[in-house]
Amino acid sequence: IDDVPILPLKYKLYESDRVFPVLLMLKFAAGNHRVYGDMIRGIAQLAKDFPEADLTLCGFPDNWEDGVLYIGKHLIATDSEAVSGDYAIKEGTVTIAIDAFAYCEELTSITIPDSVKMIGLSPFYGCNELESITVDSGNSVYHSAGNCIIDTENKTIVAGCKNSVIPTDNSVTSIGDAAFY
């Protein structure tokens, strides 16, 4: 592990009206995966919400499953060139990080399990071919309708895709920031 570089990354996270300064020390195996700003924001959000997570593991190949980085029960990022077609997030996943599927341009369908309780902003940023979004009917926080992910309690669209139709059944009263990014 001595040959694994340590990169200090400093930036700010925005949540509601508060600003969280973050200094994150990230270890990753050089050359295995590129680290993007969006991925770093997602990891920082995870670090804030789940301080017990071992974030030193993100660059090691064992944490990547078919092009998707999972740390424990948290989906952090994807290799945009490895994720395509229909993808089902693994059962037991609790968090989908900010921009987790960014630029997965060949992703066409996503299925979200009932275990997901938190979804970061613009999880499908740049997924221009995404046409189907399904949330498991047993999910207590989110549901899907019209190819949209909807925060059930707040009646807010969290994310959509190119085939999204905003429901007109009063299950939606607002569209979240970057929902259709």
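Here is a short chat about the salt bridges in this predicted model.

Student: What does the protein chain contain in the way of helices and strands?
Tutor: Let's get our bearings before we look at any side chains. Counting along the protein chain gives one helix. The strands number 14.

Student: How many salt bridges does the structure hold?
Tutor: Start with the general idea: side chains of opposite charge can pair when their charged atoms come close. In this structure, Lys90 pairs up with Glu65, and Lys162 pairs up with Glu129. Glu131 also pairs with Lys162. The total number of salt bridges is three.

Student: How far apart are the closest N and O atoms of Lys90 and Glu65?
Tutor: To count as a salt bridge, the nitrogen has to be within 4 Å of a carboxyl oxygen. Lys90 and Glu65 do form one, and their closest N and O atoms are apart by 3.0 Å.

Student: And how many residues apart are Lys90 and Glu65 along the chain?
Tutor: Look at where each one sits. Lys90 is in the loop between β6 and β7, while Glu65 belongs to strand β3. The pair links distant parts of the chain, and the separation is 25 residues.

Student: Is Glu65 buried, partly exposed or exposed?
Tutor: Buried would mean under 20% relative accessible area, and exposed would mean over 50%. The relative accessible area of Glu65 is 34%. That value falls in between, so Glu65 is partly exposed.

Student: Which residue is in salt bridges with Glu129 and Glu131?
Tutor: Take the two glutamates in turn. Glu129 meets its partner at 3.3 Å, N to O. For Glu131, the closest N and O atoms are 4.0 Å apart. These residues are linked in a network of salt bridges, and the partner is Lys162.

Student: Which parts of the chain does the pair of Glu131 and Lys162 tie together?
Tutor: The two residues are 31 residues apart in sequence, so think about the loops they come from. Glu131 lies in the loop between β9 and β10. Lys162 is in the loop between β13 and β14.

Student: What is the relative accessible area of Lys162?
Tutor: Anything between 20% and 50% counts as partly exposed. Glu129 is partly exposed at 38%, and Glu131 is partly exposed at 35%. Lys162 is partly exposed too, with a value of 46%.

Student: What percentage of the residues in the protein chain is buried?
Tutor: Now zoom out to the whole protein chain, which has 181 residues. A residue is buried if its relative accessible area is under 20%. The buried ones make up 44%.

Terms used:
Residues numbered from 1 in each chain as written. Predicted model: local features only at pLDDT ≥ 70, side-chain atom pairs only at ≥ 80, totals over all residues. Heavy atoms only, no water. Salt bridge = Lys/Arg side-chain N within 4 Å of Asp/Glu carboxyl O. Helix = DSSP H or I, 4+ residues; strand = E, 2+ residues; numbered from the N terminus. Buried < 20%, exposed > 50% of the residue type's maximum accessible area, 1.4 Å probe, protein only.
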